[in-house]
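Reader: I should like to go through this structure step by step, with the reasoning behind each answer. May we begin as soon as it is shown?

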Amino acid sequence: MSTPTAGASAGTATEGGQVRDVRREPFVVLADLAHDRALVTWGAFYFVRHDADQRWAIVEDHHLADLVDRRSCIGTEAEPFGDTTVEVMDSSGAVVAQAWTAEHTWVWVEGLEPDTEYHYRVSVDGECWGEAELWDTLPDRRGGYDLMPSGRTYDLRFRTWPHPDNPSPPLQFVALGDYGVGIRSDSESTRRQRRIAEVLDQLVTDSDMRFVISLGDNIYEGEIGEVGDNSGGEDDDWYSSYYAPYRYALAQIPFFPAIGNHDTSDTEFSDDRAQLEDNFHLQQRFGNTAGRSSVDPGLFYRLRYGRDVELVAIDTSVDSGSDGEHRHFQAAHHRQWLQEVFATDDVRWRIPFSHHPAYCAGPKHPNDQEICEELTPLFATGGVRLVLAGHEHNFQISEVDGRTYAISGAGGKIREESPEDFEQAGTTAWSGQSHLLLVEIDGEEARLTPISGLLPDGTPHLMTAMNPQDHIIRPPFVITENGVVPTSVSTNP
């Protein structure tokens with residue numbers, strides 16, 4: 001058994017009479033952010049190999065105790081790595097806030113100023129966590145992927161949100177759905193998730209990106225190209241589908257999740273809600289926030305970015321623990337909370353987001369009648385103009401009753417076949433490509449820009465769409481009081 005040092009090879013460990021190299025790779029995550037505080041978390045994943053000619057293999061949770069005397073790697077319930085101090089510094093380098101813990105691998109740092117940029121550091125037993133060169137799972141010249149030096153280090157910084165009583169400044173965020181396929185196996189799904197993760201990495205580096213909205217299916221059961229029980233119920237499963245691909249973005253901006261059918265037992269045998277709660281720190285973020293959330297079971301919460309922008313997470317998954325099967329948004333206490341949230345048209349941009357879409361032209365999923373009948377009337381009373389969802393593994397824009405419904409469900413999964421139910425879903429544009437959706441809000445205007453990759457110079461490669469008449473539509477899609485206005489339409493396919 002060995003005791004690794006942060007970000008360094010730990011030498012050797014013995015398991016079953018075999019000597020192995022062991023490496024600990026530290027992670028730092030900015031789990032949540034508000035106008036006056038930040039939730040900072042940290043952890044580590046462990047890797048083993050028999051000799052230098054072999055690939056590094058991640059240590060599965062049930063082997064941690066034998067190799068490194070631990071039971072978990074990361075998340076709310078992870079045991080501490082040591083006495084930890086998180087310090088937040090202003091632009092001059094002066095420490096303006098700090099927090100300490102010896103019991104957890106997370107801590108809230110409070111007393112910050114609104115809309116202000118800070119740097120931060122995490123020190124465990126006096127050692128700066130994740131300060132050295134980081135190792136990532138990268139393309140291997142021998143084929144496939146392996147853990148190797150990345151040439152990168154963490155850039156630990158963030159910008160607090162504006163005060164909720166002040167006008168909302170221009171906002172940029174990313175909507176990302178159906179991404180959790182994993183990036184370790186040598187498969188096309190791996191390459192898709194990697195490509196879109198690189199787009200997010202570049203956006204966070206080059207622009208004032210403030211957060212990511214996850215539209216569900218954060219982790220799928222099993223990784224294509226691998227054989228084994230990767231159910232999503234252990235930390236090592238989450239390394240491949242969440243922590244590794246978005247490593248550098250996660251250190252600077254928070255992810256706000258919606259629950260997808262592959263995150264629960266709706267579609268798969270395993271129910272990953274407990275692990276999702278642990279890795280997204282849901283109790284610390286939304287468990288004791290009266291009026292801001294409705295949870296246990298289910299995940300409903302609201303985010304206020306200044307005075308004029310509010311996002312509302314809606315859990316559209318099935319409540320498998322109820323006596324009579326229903327979906328979480330149909331439960332009485334969640335229904336009451338939703339009615340209160342959407343009771344008045346008092347926010348310029350109130351944007352609901354969920355996994356299942358209300359309107360969908362296919363090719364696999366139709367309109368969701370329960371959402372259409374029970375939630376869209378609330379959207380009307382709440383003055384909603386834009387709704388975000390995933391589930392269908394493509395991109396779609398629908399316009400129904402003066403509202404824009406966007407589907408972005410191809411962050412890792414993909415469905416390239418053409419939809420057919422354009423008229424029923426009010427669909428005006430679609431594309432069967434992997435992408436993320438850049439959302440920009442400035443005053444009365446919102447701009448939706450799907451991005452499918454990076455150009456050779458590192459700038460975003462914008463993704464075009466098609467209308468039902470097979471004409472090419474170029475982004476962005478601009479939402480005004482009069483509906484969606486595409487930048488340009490070409491009759492040339």
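Reader: At what distance from the ring centre of Phe 27 does Arg 247 lie?

Author: The model is a predicted one. In it, Arg 247 is among the residues in contact with Phe 27. Arg 247 is placed over the face of the Phe 27 ring, and its distance from the ring centre is 3.9 Å.

Reader: Is Phe 27 buried or exposed?

Author: Phe 27 belongs to strand 2, which covers residues 18-33. A residue counts as buried when its relative accessible area is under 20%. The value for Phe 27 is 1%, so this residue is buried.

Reader: What separates the C-alpha atoms of Phe 27 and Trp 42?

Author: Trp 42 is one of the residues in contact with Phe 27. Along the chain, Phe 27 and Trp 42 are 15 residues apart. The separation of their C-alpha atoms is 5.5 Å.

Reader: Which kind of aromatic pair do Phe 47 and Tyr 239 form?

Author: The whole structure contains 31 aromatic pairs. For Phe 47 and Tyr 239, the ring centres are 5.2 Å apart and the planes meet at 70 degrees. Planes over 60 degrees apart count as edge-to-face. The pair of Phe 47 and Tyr 239 is therefore edge-to-face.

Reader: How many residues apart in sequence are the parts that this pair of Phe 47 and Tyr 239 ties together?

Author: Both Phe 47 and Tyr 239 are buried. Phe 47 is found in strand 3 (residues 37-49), whereas Tyr 239 is found in helix 3 (residues 235-243). The pair therefore ties together parts whose distance in sequence is 192 residues.

Reader: Which kind of aromatic pair do Trp 161 and Phe 211 form?

Author: Trp 161 is buried, at 4% relative accessible area, and Phe 211 is buried as well, at 0%. Their ring centres are 5.2 Å apart, with 40 degrees between the planes. Planes under 30 degrees apart count as stacked and those over 60 as edge-to-face, the rest being tilted. The pair of Trp 161 and Phe 211 is therefore tilted.

Reader: Is His 391 buried or exposed?

Author: His 391 is located in the loop between strand 22 (386-389) and strand 23 (395-400). Its contacts include His 355, His 356 and His 365. With a relative accessibility of 12%, His 391 falls under the 20% limit and so counts as buried.

Reader: What percentage of the residues in the chain is buried?

Author: The chain contains ten helices and 31 strands. Of its 493 residues, the buried share is 59%.

Conventions
Residues numbered from 1 in each chain as written. Predicted model: local features only at pLDDT ≥ 70, side-chain atom pairs only at ≥ 80, totals over all residues. Heavy atoms only, no water. Helix = DSSP H or I, 4+ residues; strand = E, 2+ residues; numbered from the N terminus. Buried < 20%, exposed > 50% of the residue type's maximum accessible area, 1.4 Å probe, protein only. Contact = heavy atoms within 4.5 Å. Phe/Tyr/Trp six-rings, centres within 6.5 Å; stacked < 30°, edge-to-face > 60°. Lys NZ or Arg CZ within 6 Å of the ring centre and 35° of its normal. Lists of a residue's contacts leave out its neighbours within four places in sequence.
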